[in-house]
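Dear colleague,

I am passing on the structure that we talked about, and I would be glad if you read it with the notes below at hand. Please take your time with it, and follow each residue in the viewer as it comes up.

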Amino acid sequence: MHRGSSKGRRGRAPAPEPLPLSASPTVRIELEVTRASHSDRHTVQVPRGTVLRAVLRSIGQSAEGSAVLSGDRPVPLDLPLEKSERFRVIPTFSGG
């Protein structure tokens, strides 16, 4: 004869705790694409570890035809993005 669960009565499961920002599986990348005196801003959420080249391509920017700066420091296109950051993108050539 079955008498029910031997684990007894359980209360509600605890509510999930929010992850700290450092544990977020995505990062927020802000890109300012500057052409002459005009600039366009783009904000993209990408999985942590995505390379900068992929982010540029996702906004329709040619990665190989761009210089990317963090502040006044150039950064490589194969940089894995581990935290939210802001970059300035300067196209180095234009079609025509």
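**A salt bridge at R41**

E32 and R41 form a salt bridge, in which the closest N and O atoms are 3.8 Å apart. Please keep in mind that this is a predicted model, and that every value here was computed from it.

R41 lies in strand β2, which covers residues 38-47. Is R41 buried or exposed? With a relative accessible area of 58%, R41 counts as exposed, because the cut-off for that word is over 50%. Leaving aside its neighbours within four places in sequence, R41 is in contact with L31, E32 and R86, so that its salt-bridge partner E32 appears in this list as well. The C-alpha atoms of R41 and F87 are separated by 10.0 Å, while the two residues lie 46 residues apart along the chain.

**The other salt bridges**

The structure holds six salt bridges, and the one between E32 and R41 belongs to them. Another one joins R35 to D40, with the closest N and O atoms 3.9 Å apart; R35 is partly exposed at 41% relative accessibility, and D40 is partly exposed at 29%. R53 and E64 form a further salt bridge, where the closest N and O atoms are 2.9 Å apart. This pair links distant parts of the chain, since R53 sits in helix α1 and E64 in the loop between α1 and β3, 11 residues apart. R53 itself is partly exposed, with a relative accessible area of 25%. Finally, R28, E30 and R86 are joined into one network by salt bridges that share partners.

**How the chain is arranged**

The protein chain has one helix and five strands, and along the sequence these follow the pattern β-β-α-β-β-β. In what order do the five strands stand in the open sheet? The order is β2-β1-β5-β3-β4, and the pairing is mixed. β2 and β4 stand at the edges with a single partner strand each, and therefore one side of each has no neighbour in the sheet. As background, strands of a sheet pair through backbone hydrogen bonds, either parallel or antiparallel. Here β3 and β5 run antiparallel and are joined by four bridges, and V68 stands opposite V89 in β5.

**The nonpolar core**

The largest nonpolar core has 16 residues, of which I29, L31, V55, L56, V68, L81 and F87 touch the most other members. β1, β2, α1 and β5 each supply at least two residues of this core, and the largest share, four residues, comes from β1. In general, nonpolar side chains tend to be buried together in soluble globular proteins. F87 is a good residue to select in the viewer: not counting residues up to four places away in sequence, F87 touches eleven others that you can find there, among them I29, L31, V68 and L81.

**The chain as a whole**

Buried residues make up 25% of the 96 residues in the protein chain. The accessible surface comes to about 7,300 Å², and 53% of it belongs to carbon and sulfur atoms. Among the contacts with a separation of 6 or more, 52% are between residues 24 or more positions apart.

With best wishes

Terms used:
Residues numbered from 1 in each chain as written. Predicted model: local features only at pLDDT ≥ 70, side-chain atom pairs only at ≥ 80, totals over all residues. Heavy atoms only, no water. Buried < 20%, exposed > 50% of the residue type's maximum accessible area, 1.4 Å probe, protein only. Contact = heavy atoms within 4.5 Å. Areas by Shrake-Rupley, 256 points an atom, 1.4 Å probe, with all protein chains shown as cover. Core = buried A, V, L, I, M, F, W, Y, C linked by side-chain atoms within 4.5 Å. Salt bridge = Lys/Arg side-chain N within 4 Å of Asp/Glu carboxyl O. Pairing = 2+ DSSP bridges.
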